[in-house]
Each structure stands twice: as structure tokens, then as C-alpha cells.
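Please open the model in your viewer and keep the sequence panel beside it, since each stop below begins with a selection and then says what is found there.

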Amino acid sequence: MSTLLTPLWHGYRDASLILRVSIALVLGVVVGLVGGPTVADWLAPLGELLMRLLKFIILPIVLFTLMAGINQGRAGSLGRIGRKVFLFYLATSALAIAVGLAVASLLSPGEGMSLAGAGSVSVPDNPGILSVVLGIVPNNIVAAFAEQDLLGIIFVALVFGLAVAKMRQSESQAELGEKLYGLIEALNAATLRVMGGILHVVPVGVFAIVVGTVAEQGLSTLLSLGDMVVVLYIALGVQLLVYLGLLKGFGVPARAFFREARTPMATAFATQSSSGTLPLTLDAASRLGLPRSLYGFSLPLGATLNMDGAAIRIAISAVFAANVMGAPLDWSSMLQIVVVGTLISVGTAGVPGAGIVMIATVFSQVGLPIEAVALLTAIDALVGMGCTALNVTGDLVGTAVIGRSEGERIASRAEPQTVAAAGQGDVS
């Protein structure tokens, strides 16, 4: 038996990760449609295992990557990079809403539909931007780690990373600072080694998750609100073209970029979790040759705050609800949606059911029926898959563009390069 399994394992291990994930996606759709809920229940533990492993590695990979990155770069450049990251995320979120409104206004999803039998939906409170900003500083470091509060973890990594950098520059504490930096680098290398092992589980977990999603949603749901789903994916495609234009404009080689971005994009599509995909997104940035001092900050922040896919969903949902109500949006309402939606996409960061919170909040601001949200929950998984993939892509595009603006050279590394191997040297 072992002589049979060994070549199979070697073939699986040596195949490119994107090939394995792509096969898993296709097989997942087929098995989900044929096997139904029963098979999905059998495979569910494999999907749960993948999500647990990815969440398990998020804390150390964000903490040590950012702390090490700060100590490799210049502390003075951190503020400049931070401003660029925030401005890029705000600008692309606003642009994504504008794209969604334009595509939806042109294709008019929801025309001829009725709210009859739409039911109701429980919408969590929107915490607001001020609450999110204050929440960056955790009350308790242990609680921030236990709850996997990414904004809190970023704050802790920044504070202690800068403290170590200052110690290394101090005459009295330079030796101690160097020892701490060496420990951080060692922990970062060990974390990347663990991540290399987790990557082998990704295709199996993706397969199980896709089976469950397809079995739960089925074809009937897709057909009933098919026009809404089609319009949303067209808008996502338009936003991808916008990203391509940004990459070309800043001199980022698009082929190299998407060669590395496709694995986190496919994983985000299957798992519907930007935060859960974060380890793979960080790995993609590393393989593109971007500095840790940049992607260690921009990608965890983007996974929490930057939601271009969700912004497009807000726009499409608003036009859909207006058409269902029989009162198409005017220009002033569209402008209001762009402004409110951009701010809301930041203000609901990290909230459970954030997509529903954003849509309901925007609806209430522009006078659209909250009852329409209940209709949209029926296709939540189907639209969430594409939106999450775009969220992750937007984070990587922003990181690559800002890297180029800082003079970094971006190129895809050789396929045999692994996360574990990258952890043995300077990935910046």
C-alpha cells in the first residue's frame, strides 16, 4: 500500500498549488451538485479543518511578519506608507461603488420582481467609524490575540516592532535589541515553515467547502435571483479591469502579479473569508518580492478595512432594491450611496454579517426598503464568494502599486519556491 501511496503523494505535493486548488474547485462543484447535502455533511470536517488551520496561523504570521518588516525598513517611511495605504483603500472602495452603480444602472437587475414574501432579516447594529478607530487600540493584549482582532494585533506589532527598532539604534540597548530582533526573525521563519505544511491541506479543504456551498445553495436559488448574481459578477469583472489598468499604470507586471495572486483569489472564493485567506495573501506578496515592512502592514489592514467586493455588492443591491420597489435611483441618490457606502465599508470592518450590515445601513440612508435585504440573503453565499475574491485581489493590488511607488521591483518567483524556503532568508 505504501508503495502505491508514495508516488501519489509526491505527485500531489509537487503539483503547483493553483493547479490543485483549481481541480478542487471544479470537483467541489460537481460533487456538490451530484452528492447533495448528505455528501456535504460527510466532508464538512475537512473544510472546518482548513479554516481552523488558517485561523491558527494568522496571529503569528501577522505579528512576526510585521515586527520583522518594521526592523528591516526605515521607521520614518512607515507613516508615508500608511498614508498611501489608507488613501488607496478609500479611493478604490469609492471607485468600486461607482463601478457597481454604473453596471447595475445599465443592466437593471430586479426589474419586474416583487417584495411579496420577502420576509424579514435580523440586522446587527452598525458600530460606526469612530468605534472602529477606537477599537484599533485593544483594552487587553491577550484578549486581542484570543479574539483574533486583526486591527488590535497590527497595533501591538507596530508598537513593539518600533520599540525593538529603537532599542537596536540605542547605544545602551543595541545588543539586547539585536537579540530580540534575532528571536523575532527565528519565530517568523518557524511560522513560515508551519505555513508551508498548511498549504498542502488547502486544496482538500477548498474541495470540502465548495461541496457544502453548492449543496446548500443548489441551482434553484441561482435561477431565482440569477440576474442579480450575473450583474454582480459582471461588475466584479469590470473592477478587475480597473485593477489591471492600475497595475499597468504603475509598471507592475500583470502576468507575474496574477500568477501569484490566483491562489489566494481562488481560496478566498471558496472560503468567503478575507481574514482566513490572509496567510496565503501574505505568501503571494512575499513571492512577488515585496518588502515585509509593506505587506506585513497593508495586507492585514486590508483584510479588515478594504472591501472593494463588498462595496460593489452595496451598489448592486441598492439598484436591485430600487428596481424591485419600482423607483429607480436618481443621480443624487447614487452620489449619496458612493459617499455613505465608502464610509460604511470602513465602519463595519470585522463585524459578523458585515455585508448585511453595510447593505441595510445604506438602504436606510437612501430610503430603500430594508425588507429587500431578506431577498438578498438567499444568494449571500453565491455573491459572497466573488466579492471576497475581489476583496483579496484589491488588497494585493494596493500593496503592489504602493510597492512600485516606493521604488520596489516586482517579479514572480520561480514555481518551486515555497513559503518555508522563503522563511529562511530575507523575503523583502
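Begin by selecting Arg255, which is exposed with a relative accessible area of 70%, and bear in mind throughout that the coordinates belong to a predicted model. Arginine 255 sits in helix α10, and if you extend the selection to Lys248, Arg259 and Arg262, you will have the residues that gather with Arg255 in a patch of positive charge on the surface. Helix α10, residues 254-271, supplies the largest share of this patch, namely three residues.

Next, turn to the aromatic side chains, where the count comes to two aromatic pairs. Select Phe88 and Tyr89, whose rings form an edge-to-face pair at 6.3 Å centre to centre, with 70 degrees between the planes. Phenylalanine 88 has 13% relative accessibility and therefore counts as buried, the cut-off being under 20%, and tyrosine 89, at 6%, counts as buried as well. Then move to Phe257 and Phe258, an edge-to-face pair with 5.1 Å centre to centre and 90 degrees between the planes. Here phenylalanine 257 is buried at 0% relative accessibility, whereas phenylalanine 258, at 25%, counts as partly exposed.

From there, go to helix α2, which spans residues 17-72 and contains leucine 33. Select Val26, Val29, Val30, Leu33 and Val34 together, and you will be looking at a nonpolar surface patch of about 450 Å². Within that selection, leucine 33 has a relative accessibility of 45% and counts as partly exposed.

The following stops concern salt bridges, of which the structure holds seven. Select Glu48 and Arg52, which form one of them, with their closest N and O atoms 3.0 Å apart. Both residues belong to helix α2, and because they are four residues apart there, about one helical turn separates them. Glutamate 48 is partly exposed, with a relative accessible area of 42%, while arginine 52, at 57%, is exposed.

Now select Glu406 and Arg80, a salt bridge in which the closest N and O atoms are 2.6 Å apart. This pair links distant parts of the chain, 326 residues apart, since glutamate 406 lies in the loop between α17 (380-405) and α18 (419-422) and arginine 80 lies in helix α3 (residues 75-107). Glutamate 406 counts as partly exposed at 24% relative accessibility, and arginine 80 counts as partly exposed at 31%. Add Lys84 to the selection to show the network of salt bridges in which Arg80, Lys84 and Glu406 are linked.

For another salt bridge, select Arg292 and Glu185, whose closest N and O atoms are 3.2 Å apart. Arginine 292 belongs to helix α12 (residues 292-305) and glutamate 185 to helix α7 (residues 174-198), so this pair ties together parts that are 107 residues apart in sequence. Are the two partners buried or exposed? Arginine 292, at 2% relative accessibility, counts as buried, whereas glutamate 185, at 22%, counts as partly exposed.

Stay with helix α7 and select Met195, which is also found there. Methionine 195 has 0% relative accessibility and counts as buried. Adding Asp283 to the view brings in a residue that is 88 residues away from methionine 195 in sequence, yet the two are 9.0 Å apart in space when taken from C-alpha to C-alpha.

The last stops concern the backbone. Most residues other than glycine have a negative phi. With that in mind, select Ser108, which is not a glycine and nevertheless has a positive phi of about 50 degrees. Serine 108 is found in the loop between α3 and α4 (129-134). Finally, select Gln272, another residue other than glycine with a positive phi, in this case near 60 degrees. Glutamine 272 is placed in the loop between α10 and α11 (274-287), and with a relative accessible area of 29% it is partly exposed.

Notes:
Residues numbered from 1 in each chain as written. Predicted model: local features only at pLDDT ≥ 70, side-chain atom pairs only at ≥ 80, totals over all residues. Heavy atoms only, no water. Patch = residues over 30% accessible without salt bridge, like charges linked within 9 Å, V, L, I, M, F, W, Y side chains within 5 Å. Areas by Shrake-Rupley, 256 points an atom, 1.4 Å probe, with all protein chains shown as cover. Salt bridge = Lys/Arg side-chain N within 4 Å of Asp/Glu carboxyl O. Lys, Arg positive; Asp, Glu negative; His and termini not counted. Charge placed at Lys NZ, Arg CZ, Asp CG, Glu CD. Helix = DSSP H or I, 4+ residues; strand = E, 2+ residues; numbered from the N terminus. Buried < 20%, exposed > 50% of the residue type's maximum accessible area, 1.4 Å probe, protein only. Phe/Tyr/Trp six-rings, centres within 6.5 Å; stacked < 30°, edge-to-face > 60°.
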